[in-house]
Amino acid sequence: MRKTVQIRNYSSKVTNMSYMFTNCNSLLNLNLSSFDTSKVTTMECMFSGCSGLTELDLSSFNTSILTNTAYMFSRCTNLRTINLRKAVFTKVTSSNNMFDNTSNLTVKVKDEAAKTFLTSKLGSHGTAVIA
């Protein structure tokens, strides 16, 4: 059975997306292209434990004021590709274990600054590439 979530017309007033999809381990596909994340400051544990996901397209996310990405993708054991091509991490101050218990990840980013930041967070869990 296909398990897909698509959320439309998401409020632009949301500032905290912590734990939003935590432990949704049966989730196979997630369309977040309509999310307005321009006011979000924390995404702590947002996708933690989403072990059914193999790819995640977050290319529409505006992360210009994001400060907390701790454990954001932890325990996403089958996740192999994350598209963060629009993301910036200049305001992030808390990013502990962002990719804890993941492996063989490829994270697509827009520039060298994002690549440098994510490479330091990925460690042996994967690779950040400019795409």
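**View 1. Val107 of β5 has Ala128 of β6 as its bridge partner.** The model shown is predicted: local features need pLDDT of at least 70, side-chain atom pairs count only at pLDDT 80 or more, and totals for chains, interfaces and linings use all residues. Residues are numbered from 1 along each chain as its sequence is written, and side-chain values use heavy atoms, with hydrogens and water left out. Strand β6 covers residues 126–130 and pairs with β5 in the parallel sense over five bridges. From β5 the chain passes through helix α1 (residues 112–122) to β6, a right-handed β-α-β crossover. Strands pair if DSSP finds at least two bridges between them. Helices (H or I, at least four residues) and strands (E, at least two) are DSSP runs, numbered from the N terminus. Right-handed means that, with the strands pointing away from the viewer, the path from the first strand over the helix to the second runs clockwise.

**View 2. Leu84 sits in the loop between β4 and β5.** Leu84 is buried, at a relative accessible area of 4%; buried means under 20% relative accessible area, exposed over 50%, and partly exposed in between (1.4 Å probe, protein chains only). Its C-alpha atom is 5.3 Å from that of Leu58, although the two residues are 26 residues apart along the chain. Leaving aside neighbours within four places in sequence, the contacts of Leu84 (heavy atoms within 4.5 Å) are Leu58, Phe89, Val107, Lys108, Val109, Lys110 and Leu118.

**View 3. Asn23 has a positive phi of about 60° without being a glycine.** Asn23 belongs to the loop between β1 (4–6) and β2 (29–31). With a relative accessible area of 44%, Asn23 is partly exposed.

**View 4. Asn97, also a residue other than glycine, has a positive phi near 50°.** The loop between β4 (81–83) and β5 (105–109) holds Asn97. This residue is partly exposed, at 38% relative accessibility.

**View 5. Cys24 and Cys76 appear in a structure with zero disulfides.** A disulfide is counted when a pair of cysteine sulfur atoms lies within 2.5 Å. For Cys24, the closest cysteine sulfur is in Cys50, at 5.2 Å, which is too far for a bond. For Cys76, the closest cysteine sulfur is likewise in Cys50, at 5.2 Å, again too far for a bond. Cys24 is partly exposed, at 29% relative accessibility, whereas Cys76 is buried, at 0%.
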